[in-house]
Amino acid sequence: MSNTMNPMILLCVFVGGLLLPGMQKVSGMHVYTEVEALNGTDVKLRCIFSSRYPVTFVSVIWKFKPLHGRPETVMYYKVRPYPPPEGRFRNQVVWSGDVMKKDASITLLQVSQTFSGTYTCTVRNPPDVHGRDGEVVLRVANKTTSFIPHDLHLDIIWK
């Protein structure tokens, strides 16, 4: 019986040794938030990330999936921000983050109802390329009965 148990124990130890480091790398928090903003206001979408490595080769991609229509890129960052040259976000988005402080935030300017949809923040800091994307659903309304602060912040945590 001990001869058949030893290979099983070795297999469990081997598989556990492979899985545990991977679990540590992928461990992160996925925050899914839904928020309502007023038409014509500026909205800051925050994306805070963490990495076990120095921030050196960070790349950030913000994408948008509208309620109806085709997905599009909102902002790309690699050493500096690259706003889109065309589309609904041209001249409507500014970089608000500081990657040295692990902040990949953007601000949408004078949002309209066409900005309603799902925003995704993807951050990569090689060799730390594993992690989950942050998501936020933004709904833009003409009027609201609830109080919305002038400087609205949406937190997306990426670990």
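Leaving aside neighbours within four places in sequence, R139 is in contact with E34, V35, E36, A37, L67 and S116. This residue makes a handy starting point for a tour of the structure, which is a predicted model. R139 sits in strand β9. Its relative accessible area is 31%, so R139 counts as partly exposed. One of its partners shows how the chain folds back on itself: R139 and A37 are 102 residues apart in sequence, and yet their C-alpha atoms are 6.2 Å apart in space.

Stepping back to the whole chain, the protein contains one helix and ten strands. Read along the sequence, the helix comes at the start of the pattern, which runs α-β-β-β-β-β-β-β-β-β-β. Of the contacts with a separation of 6 or more, 65% are between residues 24 or more positions apart. Of the 159 residues, 33% count as buried. The protein exposes about 9900 Å², and carbon and sulfur atoms supply 59% of that area.

What lies inside? In soluble globular proteins, nonpolar side chains tend to be buried together. Here, the largest nonpolar core has 29 residues, and those with the most contacts inside it are V60, W62, V74, I106, L108 and Y119. Two or more residues are given to this core by each of the following elements: β1 (32-38), β2 (43-49), β3 (59-66), β4 (72-78), β6 (93-95), β7 (106-108), β8 (117-124) and β9 (134-141). Strand β2 provides the largest share, with four residues.

Aromatic rings add further detail to the picture. A search of the whole structure finds six aromatic pairs. In one of them, the ring centres of Y77 and W95 are 4.5 Å apart and the planes meet at 15°, so this pair is stacked. Because Y77 belongs to strand β4 and W95 to strand β6, the pair ties together parts that are 18 residues apart in sequence. Both partners are shielded from solvent by the cut-off used here, under 20% relative accessible area: Y77 is buried at 9%, and W95 is likewise buried at 18%.

Another pair has a different geometry, described as edge-to-face: the rings of F89 and Y119 have their centres 6.1 Å apart and their planes at 75°. F89 lies in the loop between β5 (80-82) and β6, while Y119 lies in strand β8, so this pair ties together parts that are 30 residues apart in sequence. With a relative accessible area of 0%, F89 is buried, and Y119 is also buried, with a value of 0%. These two residues belong to a wider group, since F64, F89, F115 and Y119 form one aromatic cluster. Y119 is thus a useful residue to find in the view, because it appears both in this cluster and among the residues with the most contacts inside the largest nonpolar core.A covalent link completes the description. How many disulfides does a search of the whole structure find? The search finds one, and this disulfide joins C47 to C121, with an S to S distance of 2.1 Å. The angle about the S-S bond is -80°, and the link of C47 and C121 is left-handed. The pair connects distant parts of the chain, with C47 in strand β2 and C121 in strand β8, 74 residues apart. Both C47 and C121 are buried.

Terms used
Residues numbered from 1 in each chain as written. Predicted model: local features only at pLDDT ≥ 70, side-chain atom pairs only at ≥ 80, totals over all residues. Heavy atoms only, no water. Core = buried A, V, L, I, M, F, W, Y, C linked by side-chain atoms within 4.5 Å. Buried < 20%, exposed > 50% of the residue type's maximum accessible area, 1.4 Å probe, protein only. Phe/Tyr/Trp six-rings, centres within 6.5 Å; stacked < 30°, edge-to-face > 60°. Contact = heavy atoms within 4.5 Å. Disulfide = S-S within 2.5 Å. Areas by Shrake-Rupley, 256 points an atom, 1.4 Å probe, with all protein chains shown as cover.
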